Amino acid sequence: MAARRKPRHDNSNYQGYSATIPVARVIDALLEPGKEIRFNGHTVKLPPYKMAIFSGCNQWHRHQDRNRMKKAYLELETVVAVDYNWTATCRFADLVLPACTPYERNDIDAYGSYSNRGIIAMQKLVDPPYHSRSDFDIWREFCKRMGRDEEYSRAMNEMQWVEHLYEECRADNGRKDFHIPPFEEFWQKGYALFPEGKPWVRHADFREDPEVNALGTPSGFIEIYSRKLASFGMSDCKGHPIWMEKTERSMGGRQSDKYPLWLQSAHPDTRLHSQTCESETRRAIYTVQGREPIYISPEDATKRGIQNGDLLRVFNDRGQLLAGAVVSDDFPANVVRIQEGAWYGPTGAEIGALDTSATPIP
């Protein structure tokens, strides 16, 4: 059995601030450090951030309000982005450390996202181009500047880490009677398959005997009403499902007279969220004059003098974007759609600047 690894740090003094916060409250912490909020029935104090490092993460695609994000980012002293694409997060960073792609480093990965069929040897095809480096090399060099590179790398290089992680996996699987070949054989072959397993059905044991195989809920059963949530006493999070009027809603809701079109932001059918948004070849398949499409009914298009293929300025009180019209009978009157996933690309840093990439979140 592998020796237990030492923790990277043993600091537990957060000076009264919370060690963890909800991911959706990052912007709140930047704008209102020290504010106390309710989180899972407890009170936590939002910490004051001075620096943010985003490694392979496009934070500007994950938050609900771009204008608040702009205000919040001004509160940070330093923003660092580590990526191999020029994402919106990179554009808003002070420092960008160019990472290489998976084709330019050695690694291992799972085979079969849901079946867990086996693992693949991701063997480097070419060396990292220009000044890009692997994430491991980037952070090892970072730690070297502070005299802690040996502590970070644990005296192992990239390939030694790949082999070490594989052998840990092999040893753990061996104890479960799942046997895979030694690393050298695996790396030469390029993949290793796990033995066939039994079909897995979620909650099958619970369905077989719900009293013996209770769920992790307070009652042990599937709960429609939660006493625990109800005990929090929150007006916007009841103990049971409930309809709550949206702050803004078209088609009979608030501000529907001013903004009658209901904007949908569905998952795209031409990419996975924002992946491949940087690919000109991929974008040529679905964009209109190089812009994200906005789907609109013939009735709404005729009423506004819109022709198929026109570039449109789409706006409300919070923001504006540029999109290309696709007139389609698939959409009823008063409903339009802009697929989520485009990388935020404003014309400037001012609040409410025109987004040329057409991300449907203002």
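These legends go with a set of close-up views of one predicted model. Residues are numbered from 1 along each chain as its sequence is written, and side-chain values use heavy atoms, with hydrogens and water left out. Since we're looking at a prediction, local features need pLDDT of at least 70 and side-chain atom pairs count only at pLDDT 80 or more, while totals for chains, interfaces and linings use all residues.

**View 1. The whole chain, with its 11 helices and 13 strands.** Helices (H or I, at least four residues) and strands (E, at least two) are DSSP runs, numbered from the N terminus. Along its principal axes, the C-alpha trace spans about 70 × 60 × 50 Å. Of the 362 residues, 33% count as buried; buried means under 20% relative accessible area, exposed over 50%, and partly exposed in between (1.4 Å probe, protein chains only). Take the contacts (heavy atoms within 4.5 Å) with a separation of 6 or more: 55% of them are between residues 24 or more positions apart.

**View 2. Helix α6 and what it packs against.** Helix α6 covers residues 158–175, 18 in total, and reaches 26 Å from its first C-alpha to its last, close to the 26 Å expected at 1.5 Å a residue. That expected span is 1.5 Å times one less than the number of residues. Glu 158, Trp 161, Val 162, Tyr 166 and Asn 173 are the ones buried here. Seen down the axis of α6, the buried residues fall within an arc of 130 degrees, so they line one face of the helix; the arc is that of the directions from the helix axis to the C-beta atoms. Their packing partners are β6 (107–111), β7 (118–122), α4 (135–145), α5 (149–153), α7 (183–189) and β8.

**View 3. A salt bridge within α6.** Arg 175 and Asp 172 sit three residues apart in α6, about one turn of the helix. Their side chains meet at 3.6 Å, N to O, which makes the cut-off for a salt bridge: a side-chain nitrogen of Lys or Arg within 4 Å of a carboxyl oxygen of Asp or Glu. Asp 172 is partly exposed, at 31% relative accessibility.

**View 4. Glu 141 and its two arginines, Arg 133 and Arg 145.** Glu 141 pairs with Arg 145 at 3.1 Å, N to O, and with Arg 133 at 4.0 Å between the closest N and O atoms. Because Arg 145 and Glu 141 are four residues apart in helix α4, about one helical turn separates them. Arg 145 is exposed at 68% relative accessibility, whereas Arg 133 is partly exposed at 40% and Glu 141 partly exposed at 25%.

**View 5. A nonpolar surface patch that includes Leu 193.** Tyr 111, Ile 120, Tyr 191 and Leu 193 make up this patch of about 340 Å². Patches are made of residues with over 30% relative accessible area and no salt bridge, like charges being joined within 9 Å and nonpolar side chains (Val, Leu, Ile, Met, Phe, Trp, Tyr) within 5 Å. Leu 193 belongs to strand β8 (residues 191–193) and is partly exposed at 38%.

**View 6. Asn 213 in the loop between α8 and α9.** The helices on either side are α8 (204–208) and α9 (227–231). Leaving aside neighbours within four places in sequence, Asn 213 touches Asp 205 and Phe 206. Asn 213 is partly exposed, with 26% relative accessibility.

Terms used. Areas by Shrake-Rupley, 256 points an atom, 1.4 Å probe, with all protein chains shown as cover.
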